[in-house]
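Colleague: Could you walk me through this model, a few questions at a time? I would like to hear the reasoning behind each reply.

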Amino acid sequence: MRLSPRRLPGVNLLDRYIMRHFVLGLLPVMLLLLILFSFLALAEELEAVGEGVFTQMDAFAVVLYTAPRRMVDLLPVTALLGGLIGMGALANHQELIAARVAGMSRPRLTRPVLIVTVFLALCAMGLQSFVIPAMEREANELRARTLMETQVDQGGKLEFWTRSGDRFVRVNEVRYGRLLADIEVYSTDAEGRLQRMVQAQQASISGVDNWLLQDVIVTTIDGLVTHEEQREELLWPGLLSASQAAILVLPLEALAPLDLARLIEFQQRNGLDTHRLRVVFWQQVSIAVAVIGMGLLSLPLLLGSIRSIPAGQRVVIGGFVGMVFYLLQQLTGHLAGLFNLHPPTTILMPALVLLVASVYAQFVDHERRRRARRRAARRLRRGLA
């Protein structure tokens, strides 16, 4: 999707000029951070090379497939640093001062920055909803090559086969990225004869290493005699190992917001805990708010320090602010999970405070100058009188 300022109503030449510099500062920052964090991810994936049929090329492909999720996580910090670098060039050449002298207020200069940041927030939501889940599934399929007795066939319809001891598990569908559906479990004796078959409509993770199967049919085979039993629920510890489950089940952070909302609704209907799901959902929402707040924050940092702070120092300050905010976001997520705090309030608070502070900084100087002009006009009128 391409941002075209020419098609936006009310966007003049100066707006397009500022927007272009903002984007030109954003791209190298995103590329640099993405390369850095991708190398760290690659080092982790290379540790699995040699397990099963997992190769170095598979490790590189996994890093490539998981890059969109890293991009979204880095987007708030990138918006701040990109704004400082891109529009810092305008400040260094006194172009922002010239715009202010020409009569452009801070709120007026904020408009092109707001347009770009809103567009970036929409891009983040689009990546979260459509690109990241699909890419993570491809990465999981490649990771399946580390397990010798596991096969995943994505051709047309998912078909997952795995073996654990004397048990064979077949999964035909994964819903919302986390719920297994149409499951069959075959148990055999020491001689390989089928002893029991379990069929379930769906299964979900319940606690640590536990799976809750629903709408279950258990068929026991004793020679030529079979016995069938139906159960509404069946708790099965260790149905899949952690590595096997990781191939089918997407990380919560990789789920689309809509899938998360549906999964929360499903868990609530079945009386299951949804706190962790709600924490991740509001963390995804907070990224869009943080992108706008971080992008807007770059302007007051520039306008308040055009003459006093060098460009390199501004970038260092922006990097420090971005790092502190990123750590604060992670901390609020962990605190909300550990202490069962209200997720919307706890997680959105830093992003909303940042956004309000950024918006306030745009208008406080404008309001101060307007009051100063009014006082000067009143003094002038009194002097003329």
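Colleague: Is Leu331 buried, partly exposed or exposed?

Modeller: Keep in mind that this is a predicted model. Leu331 sits in helix α9, residues 311–338. Its relative accessibility is 44%, and the intermediate class runs between 20% and 50%. Leu331 therefore counts as partly exposed.

Colleague: What distance separates the C-alpha atoms of Leu331 and Thr346?

Modeller: Along the chain, Leu331 and Thr346 are 15 residues apart. In space, the separation of their C-alpha atoms is 9.9 Å.

Colleague: Thanks! Now to the helices: how are α3 and α5 oriented to each other?

Modeller: Helix α3 covers residues 67–92 and helix α5 covers residues 106–143, and their axes come within 9 Å and cross at roughly 160°. Angles over 145 degrees fall in one class, so α3 is, relative to α5, roughly antiparallel.

Colleague: Which class of residue, nonpolar, polar or charged, accounts for 11 members of that contact of α3 with α5?

Modeller: From α3, the contact draws on Pro68, Arg69, Val72, Leu75 and Met87. The α5 side includes Val113, Leu120, Ala124, Leu127 and Gln128. One residue of this contact is polar and two are charged, while the 11 are nonpolar.

Colleague: What about α1 and α2, how do they lie to each other?

Modeller: Helix α1 (residues 13–46) packs on helix α2 (residues 56–65) with their axes 9 Å apart, at an angle of about 140°. The roughly antiparallel class needs an angle over 145 degrees, and the roughly perpendicular one ends at 115. The pair α1 and α2 is therefore oblique.

Colleague: And which hand does the crossing of α1 and α2 have, and how many nonpolar residues are in their contact?

Modeller: The crossing of α1 and α2 is right-handed. Ser38, Ala41, Leu42, Glu45 and Leu46 of α1 meet Gln56, Ala59, Phe60, Val62 and Val63 of α2. Two of the residues in this contact are polar and one is charged, and the number of nonpolar ones is seven.

Colleague: Let's turn to the sheet. Which strands stand at its edges?

Modeller: The sheet is open, with seven strands in the order β1-β2-β3-β4-β5-β6-β7 and antiparallel pairing. A strand at the edge has a single partner, so one of its sides is left without a neighbour in the sheet. The edge strands are β1 (150–153) and β7.

Colleague: How much does the sheet twist from one strand to the next?

Modeller: Here the twist is given as an average over the step from one strand to the next. That average is 15°.

Colleague: Which residue in the turn between β6 and β7 has a positive phi?

Modeller: Strand β6 (residues 210–222) and strand β7 (residues 225–237) pair in the antiparallel sense, over 12 bridges. They form a hairpin with two residues between them. In that turn, the residue with a positive phi, about 70°, is Gly223.

Colleague: Which residues does Glu232 contact, beyond its neighbours within four places in sequence?

Modeller: Glu232 lies in strand β7, and at 69% relative accessibility it counts as exposed. Its C-alpha atom is separated by 8.2 Å from that of Leu213, which is 19 residues away along the chain. Leu213 itself has Leu234 as its bridge partner in β7. Leaving aside those sequence neighbours, the contacts of Glu232 are Leu213, Gln214, Asp215 and Val216.

Colleague: In β3, what is the bridge partner of Ser164?

Modeller: Strand β2 (residues 159–164) and strand β3 (residues 167–175) run antiparallel and are joined by five bridges. Within this pairing, the partner of Ser164 is Arg167.

Colleague: Where is Gln94, and what is its phi?

Modeller: Most residues other than glycine have a negative phi. Gln94 is found in the loop between α3 and α4 (95–101), and it is partly exposed, with a relative accessible area of 41%. Its phi is positive, near 65°.

Colleague: And what is the phi of Asp182?

Modeller: Asp182 has its place in strand β4, residues 179–188. At 35% relative accessibility, Asp182 counts as partly exposed. Its phi is again a positive value in a residue other than glycine, near 55°.

Technical notes. Residues numbered from 1 in each chain as written. Predicted model: local features only at pLDDT ≥ 70, side-chain atom pairs only at ≥ 80, totals over all residues. Heavy atoms only, no water. Axes fitted to C-alpha atoms, helices over the stretch in contact; angles between N-to-C directions. Helix = DSSP H or I, 4+ residues; strand = E, 2+ residues; numbered from the N terminus. Parallel < 35°, antiparallel > 145°, perpendicular 65-115°, else oblique. Contact = heavy atoms within 4.5 Å. Nonpolar A, V, L, I, M, F, W, Y, C, P; charged D, E, K, R; others polar. Pairing = 2+ DSSP bridges. Left-handed = near helix turned anticlockwise from the far one by under 90°. Buried < 20%, exposed > 50% of the residue type's maximum accessible area, 1.4 Å probe, protein only.
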